[in-house]
Amino acid sequence: MNDPQAIPARTKGEILGIDDAGNALMKWDNGRSLSLAIEVDKFHVLQLENNRKLIGQAVDGNRNLRSIEDVADFIIHHGQYGDIEIVTEYHTPFMKTQGIYISSIADTEYRDELQKILTPMQNEIEMQNSSSDDEVPEEEADMDISQI
């Protein structure tokens, strides 16, 4: 930051909005509110801490996602019908899936926490699908081979 009283390195902050000049209006953890010049200042984006909002986008509509459990449920429910995308509240891409499986994600720490919830759900779906594939309809099971 080019400011005589710059925000110290490694200080976390929340983007409240973007002004007309393209600067991020910030609320810093140290109580300051100095804007971030996105094109000039050096910064690192941390994704989804506590109550930050993500938006799940699927073929049948969008949904606000407020927790990691919401994200997992959204992936499992909507991912069975197609690929989904999850974006931040500022519409920045956060995650994409291929069905119920994550294909890309912006935050690996978040991915690790999400996988703890998502993997058992994926395993359950796989077991349901494999057991339904293994089931032979009753009329086929009782069919006399001479009828073929």
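## Starting with Tyr90

Let's begin with a single residue: Tyr90 has a relative accessibility of 39%, so it counts as partly exposed. One thing to keep in mind from here on is that this is a predicted model. Tyr90 sits in the loop between strands β5 (85–88) and β6 (93–98).

Which residues join Tyr90 in a nonpolar patch on the surface? They are Ile15, Ile18, Ile38, Phe43 and Val45. Put the whole group together, Tyr90 included, and you get about 510 Å² of accessible area.

## The chain as a whole

Now zoom out. The chain contains 3 helices and 7 strands. If you walk along the sequence, the order of these elements is β-β-β-β-α-β-β-β-α-α.

How much of the chain is buried? Of its 148 residues, 26% fall into that class. The surface that the chain exposes comes to about 10300 Å², and carbon and sulfur atoms supply 47% of that. As for contacts, take those with a separation of 6 or more: 36% of them involve residues 24 or more positions apart.

## Strands β1 and β2

Strand β1 covers residues 13–18, and it runs antiparallel to β2, with 5 bridges joining the two. You can pick out partners across the pair: Gly13 stands opposite Trp28 of β2, and Glu14 has Lys27 of β2 as its bridge partner. Between the two strands of this hairpin there are 5 residues, and Gly22 takes a positive phi near 90°.

Which way do the side chains of β2 point? In a regular strand, side chains alternate between the two faces of the sheet. Strand β2 (residues 24–28) shows this alternation nicely. Ala24, Met26 and Trp28 point to one face and are buried. Leu25 and Lys27 point to the other face and are not buried.

## One aromatic pair

How many aromatic pairs turn up when the whole structure is searched? The search finds 1. That pair is Phe94 with Tyr110, arranged edge-to-face, with 5.2 Å from centre to centre and 75° between the planes. Phe94 belongs to strand β6 and Tyr110 to helix α2 (residues 108–134), so the pair ties together parts that are 16 residues apart in sequence.

Are these two rings' residues buried or exposed? Phe94 has a relative accessible area of 2%, so it is buried. Tyr110 is buried as well, because its relative accessibility is 7% and the limit for that class is under 20%.

## Salt bridges

Side chains of opposite charge can pair when their charged atoms come close. In this model the count comes to 3 salt bridges.

One of them links Asp70 and Arg63, at 3.7 Å from N to O. Arg63 counts as partly exposed because its relative accessibility is 35%. Another joins Arg111 to Asp112, where the closest N and O atoms are 2.9 Å apart. Arg111, at 30% relative accessibility, is partly exposed, and Asp112, at 39%, is partly exposed too.

Then there's the bridge between Lys116 and Glu113, at 3.0 Å from N to O. Where do Lys116 and Glu113 lie? Both are in helix α2, 3 residues apart, which is about one turn of the helix. Their labels differ, because Lys116 has 57% relative accessibility and counts as exposed, while Glu113 has 40% and counts as partly exposed. The line between those two classes is drawn at 50%.

## Positive phi without glycine

Gly22 had a positive phi, but some residues other than glycine have one as well. Arg10 is an example, with phi near 70°. Arg10 is found in the segment before β1. With a relative accessible area of 80%, Arg10 is exposed.

His91 is another residue of this kind, with phi near 65°. Where is His91 found? It's in the loop between β5 and β6, and that brings us back to the loop that holds Tyr90. His91 has a relative accessible area of 54%, so it is exposed, whereas Tyr90, at 39%, counts as partly exposed.

Terms used: Residues are numbered from 1 along each chain as its sequence is written. Side-chain values use heavy atoms; hydrogens and water are left out. Patches are made of residues with over 30% relative accessible area and no salt bridge: like charges are joined within 9 Å, nonpolar side chains (Val, Leu, Ile, Met, Phe, Trp, Tyr) within 5 Å. Accessible areas come from the Shrake-Rupley method with a 1.4 Å probe; for residues, only the protein chains shown count as cover. A salt bridge is a side-chain nitrogen of Lys or Arg within 4 Å of a carboxyl oxygen of Asp or Glu. Helices (H or I, at least four residues) and strands (E, at least two) are DSSP runs, numbered from the N terminus. Buried means under 20% relative accessible area, exposed over 50%, partly exposed in between (1.4 Å probe, protein chains only). Contact means heavy atoms within 4.5 Å. Two strands pair if DSSP finds at least two bridges between them. Rings of Phe, Tyr and Trp (its six-membered ring) pair if their centres lie within 6.5 Å; planes under 30 degrees apart count as stacked, over 60 as edge-to-face and the rest as tilted.
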